[in-house]
Amino acid sequence: MKITAIEAIPFAIPYNKALRFASGEVHAAEHVLVRVHTDDGVVGVAEAPPRPFTYGETQAGIVTIIETIFAPQLIGLTLLEREVARGRLARTIGNPTAKAAIDMAMWDALGKTLGLPVTELLGGFTDRMRVSHMLGFDEAVAMVAEAEKMVDTYGIRTFKVKVGRRPVELDTAVVRALRERFGDGVELYVDGNRGWTASESLRAMRSMADLDLLFAEELNPADDVLGRRWLVGKVDVPFIADESVPTAADVTREVLGGSATAISIKTARTGFTDSRRIHHLAEGLGLEVVIGNQIDGQVGTACAVAFGSAYELTSKRAGELSNFLDMSDDLLTEPLQINGGQLVTSPKPGLGIEIDENQLQRYRLDQ
Ligand code: MUC
Ligand code: MG
């Protein structure tokens with residue numbers, strides 16, 4: 001169970017269609033595959049998605065920090081010393097997705113070593129989640145057409161609509177068009193990625209008051225402290241903090257400060273060890289939770305569904321587990337399948353996924 005090596009492999013897989021939102025856009029999955037090797041010959045995997053517009057990480061930076069700082073700190077630890085590993089990683093500030101990928105690859109290796117699925121080690125509440133699909137910026141007709149495809153092909157009936165453009169009517173018209181097209185046959189919520197001001201956000205939410213939204217997420221910046229508190233006090237649906245709560249301490253601060261009433265948990269940024277802490281905190285605070293998407297590939301999505309399925313609170317709402325569908329290809333020997341609007345966890349040990357070495361060879365950037 002001793003860690004002997006940690007690999008950080010940069011790769012790039014193009015998207016068929018770019019995902020655009022208020023804080024940035026993604027054209028290719030330029031991620032880092034992390035592999036934790038042990039002296040038993042076990043290899044655990046996970047992926048780190050660099051999101052400079054959210055966490056300041058870059059692909060080259062993730063590779064460098066893993067190779068030069070994190071790997072030397074962890075080699076020699078056993079897979080059961082996850083809290084020791086966490087403490088050592090925490091000596092370096094920031095770098096959330098690099099740390100999270102190492103943590104999840106350690107859990108994958110632990111599951112493989114014990115012959116047990118990670119989702120069962122974490123909690124084992126259920127074996128599946130309903131799927132929510134994120135609709136990036138486009139013309140209203142194109143966004144409705146994409147939602148139709150998701151309903152027809154995958155049975156997905158929950159949509160997170162990206163908002164935050166100006167004028168706000170550009171976005172509110174899309175949400176209205178989706179509600180008119182699908183009636184009450186779909187769940188809808190909005191995510192502004194900090195694009196609007198507090199007053200624009202309230203105006204938009206008021207103009208969508210008849211559209212039965214589930215949630216509003218990060219409509220304006222949390223750093224706009226008083227504006228955010230003012231807005232959250234006036235919005236009558238749970239207000240999700242996403243990029244403003246990358247740690248448990250941030251959740252506590254933002255929720256107690258009146259800047260959020262619900263949270264997004266993203267395994268891509270808090271791994272399993274810290275996502276578990278955040279889940280327990282949310283349960284104690286009585287917060288709604290959504291399993292979010294860091295624009296994950298299939299490896300990252302397998303991590304998200306393993307965690308989300310493990311607990312009652314995280315599996316209650318649809319999880320954001322479908323954006324890999326926009327990628328032109330991926331790394332797994334057996335692609336994830338969304339059927340009937342659900343993604344089922346693998347019953348195999350660890351995360352239950354296997355990297356296709358030919359695919360990795362094709363897309364890796366370091367050879
Ligand atoms: C989301 O929920 O915000 C877009 C930016 C980011 O950090 O995550 C994605 C999705
Ligand atoms: Mg978000």
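Here is a short chat about the domains, salt bridges and metal site of this predicted model.

Visitor: What makes this chain a two-domain case?

Guide: The chain is split into domain 1 (3-115 + 357-363) and domain 2 (120-344). Those bounds come from an automatic or database domain assignment. Taken over C-alpha atoms, the two centres are 23 Å apart.

Visitor: How do you know that domain 1 and domain 2 are in contact?

Guide: Contact asks for heavy atoms within 4.5 Å, and 37 residues of domain 1 meet that test against 42 residues of domain 2.

Visitor: What area do domain 1 and domain 2 bury between them?

Guide: About 3400 Å², with 61% of it on carbon and sulfur atoms. On the domain 1 side, Leu 19, Met 104 and Trp 107 supply 18% of the buried area, more than any other three residues.

Visitor: And how many polar links cross that interface?

Guide: There are 22 residue pairs in polar contact between the domains, counting pairs with both residues at pLDDT 80 or more. β1 (3-21) gives the most to the side of domain 1 that touches domain 2, with 9 residues. By class, that side has 21 nonpolar, 7 polar and 9 charged residues.

Visitor: Why is the pair Asp 329 and Arg 362 called a salt bridge?

Guide: The rule wants a Lys or Arg side-chain nitrogen within 4 Å of an Asp or Glu carboxyl oxygen. Asp 329 and Arg 362 come in at 3.5 Å, N to O, so the pair passes. Across the interface of domain 1 and domain 2, the rule finds 4 salt bridges, and a search of the whole structure finds 27.

Visitor: What about Arg 277 and Glu 83, what makes that pair a salt bridge?

Guide: Their side chains meet at 2.7 Å, N to O, and the limit is 4 Å, so they qualify too. This pair links distant parts of the chain: Arg 277 sits in helix α12 (residues 273-285) and Glu 83 in helix α3, 194 residues apart.

Visitor: How do you know which residues are donors of the magnesium ion (ligand 2)?

Guide: For this metal, a donor is an N, O or S atom within 2.8 Å. Asp 191 (OD), Glu 217 (OE) and Asp 242 (OD) lie 2.0 to 2.2 Å from the ion, so they count as its protein donors. Along the chain the donors follow the spacing D-x25-E-x24-D. Glu 217 lies in strand β7 (residues 213-217) and Asp 242 in the loop between β8 (239-241) and α10 (248-256), so that pair ties together parts 25 residues apart in sequence.

Visitor: What makes the Arg 166 to Pro 167 peptide bond cis?

Guide: Its omega is near -5 degrees. Pro 167 belongs to the loop between β5 (158-162) and α7 (169-182).

Visitor: And what is the phi of Asn 193?

Guide: Positive, about 40 degrees, although Asn 193 is not a glycine. Look for Asn 193 in the loop between β6 (187-191) and α8 (198-207).

Technical notes
Residues numbered from 1 in each chain as written. Chains lettered and ligands numbered in written order. Predicted model: local features only at pLDDT ≥ 70, side-chain atom pairs only at ≥ 80, totals over all residues. Heavy atoms only, no water. Buried area = accessible area lost by both parts, 1.4 Å probe. Polar contact = N/O pair within 3.5 Å; in protein donor to acceptor, adjacent residues only side chain to side chain. Helix = DSSP H or I, 4+ residues; strand = E, 2+ residues; numbered from the N terminus. Nonpolar A, V, L, I, M, F, W, Y, C, P; charged D, E, K, R; others polar. Donors = N, O, S within 2.8 Å, 3.2 Å for Na, K, Ca; no water.
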